[in-house]
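Trainee: Could you pick one part of this model and take me through it closely?

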Amino acid sequence: MEEEAQANFLVVRSEVEAVLLSMYLPPPSAAPTPKELTDFWEAEWGVRDAGKIKFKAPEDHPSKFLSHRGDLVPLAPEVVTLECGRGAGSVLTALALAFERHASAEVLLSGGGG
């Protein structure tokens, strides 16, 4: 039996609070594109405007964000930071709530601005 792949995401709410979101991807466990994930979150979890979410690229990537159609989302243990444009923070809040219902969300608190 194939193991499910896991993807981890980080939503930074403030300088002292962040939410770690984690979901299992059903087999076959190939890494999805950002578009495949945002389409899933919209269609299956009801997260409106999930397509506005940007996936921050790893440090060694040639651009700041992953291409929605051309790049693959790194799987665990990597953690991908999610961002939204100005005025669209409610999309990330809705996504975090959807993770609480359907997958896993853990609030991370840090000791101060870092």
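**Either side of a strand**

Mentor: A88 lies in the loop between β4 and α2 (helices, H or I, of at least four residues and strands, E, of at least two are DSSP runs, numbered from the N terminus). Bear in mind that this is a predicted model, where local features need pLDDT of at least 70, side-chain atom pairs need 80 or more, and totals for chains, interfaces and linings use all residues. Numbering starts from 1 along each chain as its sequence is written, and side-chain values use heavy atoms, without hydrogens or water.

A88 counts as buried because its relative accessibility is 9% (buried is under 20%, exposed over 50%, partly exposed in between, with a 1.4 Å probe and protein chains only). K52 sits 36 residues from A88 in sequence, yet their C-alpha atoms are 7.7 Å apart.

Now go to the other loop that borders β4, the one from β3 (54–55), where you'll find D71. D71 is buried too, but has no salt bridge (a Lys or Arg side-chain nitrogen within 4 Å of an Asp or Glu carboxyl oxygen). R69, its nearest side chain of opposite charge, is 12 Å off (Lys and Arg are positive, Asp and Glu negative; His and chain ends aren't counted).

So what does the D71 side chain pair with? There's a polar contact of 3.2 Å with the side chain of H61 (N or O atoms within 3.5 Å, one able to donate a hydrogen and the other to accept it; sequence neighbours count only through side-chain atoms on both sides). The D71 side chain also reaches the backbone nitrogen of S67, at 2.7 Å. Skipping residues up to four places away, D71 touches P32, T33, P34, H61, F65 and L66 (heavy atoms within 4.5 Å).
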